Amino acid sequence: MRLVALTREVSPSIGRCELTHLTRRAIEVGAAMEQHRQYESCLADLGCEVHHLPAEADLPDSVFVEDTAVVLDELAVIMRPGAASRRAETPTVADALKPFRRLYTIEPPGTMDGGDVLSLNRVLYVGLSSRTNTAGLEQLEAICRPFGYAVKPVGIKGCLHLKSAVSQVGPNAVLANRAWIEVNAFKGLEVVEVDPSEPMAANALLIGESIVYPRAHHRTRRRLEDRGLSVTTVDVSELAKAEGGVTCCSLVFLNEMG
Ligand code: CIR
């Protein structure tokens with residue numbers, strides 16, 4: 001399996017990031033950059049070829065490349081982020097994806113953040129968050145249905161993105177915080193629940209059979225390991241102050257068309 005992980009260096013202006021559910025705390029930019037480097041080497045250790053875009057000084061949230069595109073085996077959809085401050089992030093990501101995939105785009109009045117799209121077994125679960133609207137959802141469906149994908153809206157509340165509340169941890173398994181999503185939408189899949197004391201713990205990044213996971217969430221990590229899942233931890237505490245997690249910092253995809 002040849003995997004590419006597209007990443008972008010932490011912006012020196014990350015301290016001015018968008019925040020929705022968190023109170024602003026000072027971000028130590030040097031530490032955030034170091035954590036991001038560790039994250040990238042973790043992806044490389046798991047077999048990804050890391051394509052690293054240079055920092056964007058004036059785009060505070062640009063390290064969170066996941067929100068700019070949804071990359072599927074056959075195509076990529078360039079998002080129109082819900083936060084206007086993030087829309088200038090997409091052209092450089094589109095350029096980077098062009099050699100790998102045919103590109104489609106979400107157009108106004110549609111808005112959608114990639115963090116709201118969970119692709120699993122040819123279903124695209126889409127969180128109707130403050131960043132993603134129904135026009136965006138309809139466009140995604142029109143683009144992806146001809147390729148054999150079903151699109152399923154999921155109501156969310158209390159968190160930024162769908163993948164803050166649910167992420168894939170196995171071929172038929174998700175990790176979820178049921179307080180933030182309609183968990184019934186995931187009927188038919190195994191649902192591992194976060195430890196109730198760790199509401200932010202539902203964002204995990206599955207690479208092959210390994211789960212890249214924030215070091216902070218000890219209890220939920222134990223739940224994953226008790227199920228025989230293989231977990232590699234990374235310290236993303238500075239990036240978490242910007243409301244980012246482990247899926248947000250990369251776009252991981254097969255290095256060939258499906
Ligand atoms: C934002 O509010 O857009 C950024 N501060 C955090 C984005 C995190 N991305 C993600 O969960 N996919």
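These legends accompany several close-up views of a predicted model.

Residues are numbered from 1 along each chain as its sequence is written, and side-chain values use heavy atoms, leaving out hydrogens and water. Because the model is predicted, local features need pLDDT of at least 70 and side-chain atom pairs count only at pLDDT 80 or more, while totals for chains, interfaces and linings use all residues.

**View 1. The ligand and its shell of residues.** Here 14 residues surround the ligand, each with a heavy atom within 4 Å of it. The closest are Glu18, Asp61, Glu66, Asp67 and Ala242. Sorted by class, this shell holds 7 charged, 4 nonpolar and 3 polar residues; Asp, Glu, Lys and Arg count as charged, Ala, Val, Leu, Ile, Met, Phe, Trp, Tyr, Cys and Pro as nonpolar, and the others, Gly among them, as polar.

**View 2. Nitrogen atoms of the ligand beside Glu18, Asp61 and Glu66.** Take the backbone first: a polar backbone atom of Glu18 is 2.8 Å from a nitrogen atom of the ligand. Two side chains join in, with a polar atom of Asp61 at 2.7 Å from a ligand nitrogen and one of Glu66 at 2.8 Å from a ligand nitrogen. The protein buries 98% of the 350 Å² that the ligand exposes when taken alone (accessible areas by the Shrake-Rupley method with a 1.4 Å probe).

**View 3. A salt bridge between two loops, Glu74 to Arg122.** The closest N and O atoms of this pair are 2.7 Å apart. A salt bridge is a side-chain nitrogen of Lys or Arg within 4 Å of a carboxyl oxygen of Asp or Glu, and the whole structure has 13 of them. Glu74 belongs to the loop between β3 (69-71) and β4 (75-78), and Arg122 to the loop between β6 (117-120) and β7 (123-128), so the bridge ties together parts that are 48 residues apart in sequence. Strands here are DSSP runs (E, at least two residues) and helices are runs of H or I with at least four, numbered from the N terminus.

**View 4. Backbone details in three loops.** In the loop between β5 (102-105) and β6 we find Pro109, and the peptide bond leading to it from Pro108 is cis, with omega near 5°. Asn121, in the loop between β6 and β7, has a positive phi of about 50° although it is not a glycine. Glu243 is another non-glycine residue with a positive phi, near 70°, and it lies in the loop between α6 (237-240) and β15 (251-254).

Methods: A polar contact is a pair of N or O atoms within 3.5 Å; within protein, one must be able to donate a hydrogen and the other to accept it, and residues adjacent in sequence count only if both atoms are side-chain atoms.
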